[in-house]
Amino acid sequence: MIIAQIESQIRYVTNVDGETTDVLVPIELWQQLMSSINSDNVSGLAWIDEQEPKSQILADLQESVRQAAAGQTFPVSELWDYSKRFD
């Protein structure tokens with residue numbers, strides 16, 4: 001399900017000042033979302049990573065290229081050890 005399809009099904013709740021305070025989600029959509037979050041995901045990326053804005057991905061990539069050009073690199077073995085801390 002693409003984001004536009006999800007957004008078309010949700011409803012926003014606002015307070016008397018017009019500020020959005022809550023979101024109403026149909027139960028079927030909620031169950032689908034929970035299922036997709038809890039299932040093994042096909043891409044191998046965490047759900048939050050897949051939702052990251054492209055602008056942030058590009059900024060992270062540019063920073064990585066800058067670090068590599070400046071010689072700020074690490075042996076692969078250190079990178080694997082570092083990534084295991086977050087599992």
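**Exercises on a hairpin and a helix**

Leaving aside neighbours within four places in sequence, Thr-21 touches Val-13, Thr-14 and Asn-15, where contact means heavy atoms within 4.5 Å. The model is predicted, so local features need pLDDT of at least 70 and side-chain atom pairs pLDDT 80 or more, while totals for chains, interfaces and linings use all residues. Residues are numbered from 1 along each chain as its sequence is written, and side-chain values use heavy atoms, without hydrogens or water.

**Exercise 1.** List the helices and strands of the chain in order from the N terminus.

*Solution.*
- Step 1: The chain has five helices and two strands. Both kinds are DSSP runs numbered from the N terminus: helices (H or I) have at least four residues, strands (E) at least two.
- Step 2: The order from the N terminus on is α-β-β-α-α-α-α.

**Exercise 2.** Describe how strands E1 and E2 are joined.

*Solution.*
- Step 1: E1 covers residues 11-14 and E2 covers residues 20-24.
- Step 2: The two strands run antiparallel, with four bridges between them. Strands pair if DSSP finds at least two bridges between them.
- Step 3: Five residues separate E1 from E2 in this hairpin, and Gly-18 in the turn has a positive phi of about 80 degrees.

**Exercise 3.** Place Asp-22 in the hairpin and decide whether Asp-22 is buried, partly exposed or exposed.

*Solution.*
- Step 1: Asp-22 belongs to strand E2, and Val-13 stands opposite Asp-22.
- Step 2: Apart from neighbours within four places in sequence, the contacts of Asp-22 are Arg-11, Tyr-12 and Val-13.
- Step 3: Asp-22 and Arg-11 are 11 residues apart in sequence, and their C-alpha atoms are 8.6 Å apart.
- Step 4: Buried means under 20% relative accessible area, exposed over 50%, and partly exposed in between (1.4 Å probe, protein chains only). The value for Asp-22 is 45%, so Asp-22 is partly exposed.
- Step 5: Thr-21 is also found in strand E2. At 41%, Thr-21 counts as partly exposed.

**Exercise 4.** Find the salt bridge of the structure and state where its two residues lie.

*Solution.*
- Step 1: A salt bridge is a side-chain nitrogen of Lys or Arg within 4 Å of a carboxyl oxygen of Asp or Glu. The structure holds one.
- Step 2: The partners are Glu-63 and Arg-66, whose closest N and O atoms are 2.6 Å apart.
- Step 3: Both residues lie in helix H4 (residues 54-69), three residues apart, about one turn of the helix.
- Step 4: An α-helix has 3.6 residues a turn, so residues three or four places apart point the same way.
- Step 5: Glu-63 is partly exposed at 34%, and Arg-66 is partly exposed at 43%.

**Exercise 5.** Check the length of H4 against the expected span.

*Solution.*
- Step 1: The expected span is 1.5 Å times one less than the number of residues.
- Step 2: H4 has 16 residues, so the expected span is 22 Å.
- Step 3: The end C-alpha atoms of H4 are 22 Å apart, which agrees.
- Step 4: Just after H4, Gly-71 takes a positive phi of about 80 degrees.

**Exercise 6.** State what share of the chain's residues counts as buried, and what share of its accessible surface belongs to carbon and sulfur atoms.

*Solution.*
- Step 1: Of the 87 residues, 5% count as buried.
- Step 2: The accessible surface (Shrake-Rupley method, 1.4 Å probe; for residues, only the protein chains shown count as cover) comes to about 7,700 Å², of which 57% belongs to carbon and sulfur atoms.
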